[in-house]
Amino acid sequence: MNHKRKTQLFHFLDLLPRRFGFALYHTLQRLADKKSLPQKIQPAEATFRNAQTILQQHGINLESSSIIEIGSGWLPSIPYFFLSEAKVAEVHTYDFNQHYNTNAITALNAVFKERFPKSFPPIQPNNYGLAQGVTYHPKTNLIHSALPNSALVFSRFVLEHVTPEDLREMHQKFKKELPAGTHILHFISPSDHRAHSDRSLSLQDFLQYSEAEWNKIQTKFDYHNRLRLPQYLSLFKGCALEVLSVSHDNPDPESKRYQQFKAVTVHDDFKDFTEEELTAGSIVVLLKT
Ligand SMILES: C[S@@+](CC[C@H](N)C(=O)[O-])C[C@H]1O[C@@H](n2cnc3c(N)ncnc32)[C@H](O)[C@@H]1O
């Protein structure tokens with residue numbers, strides 16, 4: 001969808017009372033959703049495999065442990081892979097909003113039951129039909145919750161949607177309340193998400209705006225903090241967390257994505273970052289309390 005039309009639509013939804021705005025947002029998302037279930041599971045599985053490799057490299061075994069997921073999203077694919085394959089005992093998944101839907105989860109259950117007949121747990125009938133071991137905490141800000149005992153905190157494509165203040169508080173809380181040595185694994189997408197559905201836009205397009213200008217464009221439906229890689233790393237280090245590993249990608253200088261980046265006049269707020277820092281994408285960070 002053209003990014004300008006999408007922005008207009010989000011601004012309209014943002015004018016409605018919160019409950020109605022979200023109800024309409026979910027209905028429109030369902031209508032616009034053209035992806036099959038396997039097409040939705042596949043990218044989550046790719047992330048899970050990547051996570052498994054990183055965890056193995058650091059000698060982290062989660063079998064029979066509890067873990068926390070920040071940002072449940074629409075489907076519990078990641079919790080299901082952790083339960084069925086990594087043999088995790090329990091996943092507490094938190095979301096600021098409430099996007100889970102029983103019909104979608106019932107369909108996901110059928111796929112996982114067939115794929116993991118021995119290890120996929122039984123269903124809890126009254127809890128969105130979620131598999132046993134998944135505890136969903138919708139409409140919950142983790143910052144104000146008692147943290148369950150956990151061996152890992154995991155997030156996928158969430159931190160970029162959290163305000164810098166909340167990010168700081170969240171990580172201070174992890175440092176303070178989780179046992180020393182607890183691991184935190186984040187997959188972060190720092191790119192302009194409008195460019196995912198409108199490829200005419202650069203993945204760094206939003207860096208041309210001042211904070212005040214960007215706040216006029218974005219809404220609660222598409223909030224993005226625009227933090228760059230060094231800002232995430234200094235935030236984590238500022239919370240006294242140990243950074244065990246960091247990876248990211250950058251556009252190939254021969255690619256269209258790189259040409260699109262070069263055409264953006266970056267706002268003064270971002271002028272102290274190098275080209276590599278501005279374009280760093282697909283960030284994966286492993287931290288330790
Ligand atoms: C892009 S979705 C990603 C969902 C899922 N992790 C995935 O990979 O498909 C971001 C999710 O994070 C949630 N979210 C945003 N800010 C949050 C916060 N501070 N705490 C918990 N969840 C948050 C949103 O409601 C949304 O469900």
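**Close-up views of a predicted model**

**View 1. Arginine 156 sits in strand 4, which covers residues 152-156.** Keep in mind as you look around that this is a predicted model. Arginine 156 counts as buried because 23 C-beta neighbours lie inside 10 Å, and the cut-off for that class is 20 or more. Setting aside the neighbours within four places in sequence, you will find arginine 156 in contact with Thr47, Ile78 and Phe187. Glycine 71 is 85 residues away from arginine 156 along the chain, yet the C-alpha atoms of the two are separated by 7.4 Å.

**View 2. Here are the surroundings of the ligand, made up of 17 residues.** Arginine 156 turns up again, as one of the closest residues to the ligand. Gly71, Gly73, Phe96 and Asn97 are also among the closest. What is the mix of nonpolar, polar and charged residues in this shell? The shell holds 7 nonpolar residues, 7 polar ones and 3 charged ones.

**View 3. Helix 4 spans residues 77-84 and is largely enclosed by the rest of the structure.** Why is helix 4 described as enclosed? The reason is that 8 of its 8 residues are buried. Reading along helix 4, the buried residues are Ser77, Ile78, Pro79, Tyr80, Phe81, Phe82, Leu83 and Ser84. Ile78 may be familiar from the first view, as a contact of arginine 156. Which elements do the buried residues of helix 4 pack against? Two helices are on the list, helix 3 and helix 5 (102-115). The strands there are strand 1, strand 2 (90-94), strand 3 and strand 4.

**View 4. Two loop residues, serine 64 and lysine 139, have a positive phi, serine 64 at about 65 degrees and lysine 139 at about 50 degrees.** Most residues other than glycine have a negative phi. Serine 64 is not a glycine, and neither is lysine 139. To find serine 64, follow the loop between helix 3 (37-57) and strand 1 (66-70). Lysine 139 is in the loop between strand 3 (134-137) and strand 4. Are these two residues buried or exposed? Serine 64 has 10 other C-beta atoms within 10 Å, so it is exposed. Lysine 139 has 9 other C-beta atoms within 10 Å and is therefore exposed as well.

**View 5. Lysine 173 belongs to helix 6, residues 164-177.** How does lysine 173 rank for exposure? Lysine 173 counts as partly exposed because it has 16 C-beta neighbours inside 10 Å. For a sense of scale, look across to asparagine 127, whose C-alpha atom is separated from that of lysine 173 by 28 Å. Along the chain, lysine 173 and asparagine 127 are 46 residues apart.

**View 6. The last view shows domain 1 (1-34) and domain 2 (37-288), as given by the domain assignment of the chain.** Taken over C-alpha atoms, the centres of domain 1 and domain 2 are separated by 22 Å. Where the two meet, 11 residues of domain 1 are in contact with 10 residues of domain 2. Which elements give two or more residues to the domain 1 side? They are helix 1 (3-15) and helix 2 (18-32). Helix 1 provides the largest share of that side, with 7 residues. By type, the domain 1 residues that touch domain 2 are 5 nonpolar, 4 polar and 2 charged.

Definitions and conventions:
Residues are numbered from 1 along each chain as its sequence is written. This is a predicted model: local features need pLDDT of at least 70, side-chain atom pairs count only at pLDDT 80 or more; totals for chains, interfaces and linings use all residues. A residue is near a molecule or strand if its C-beta atom, placed from the backbone, lies within 6 Å of it. Ala, Val, Leu, Ile, Met, Phe, Trp, Tyr, Cys and Pro count as nonpolar, Asp, Glu, Lys and Arg as charged, and the others, Gly among them, as polar. Helices (H or I, at least four residues) and strands (E, at least two) are DSSP runs, numbered from the N terminus. A residue is buried if 20 or more other C-beta atoms lie within 10 Å of its own, exposed if 12 or fewer, and partly exposed in between; C-beta atoms are placed from the backbone. Two residues are in contact if their C-beta atoms, placed from the backbone, lie within 7 Å. Domain bounds come from an automatic or database domain assignment.
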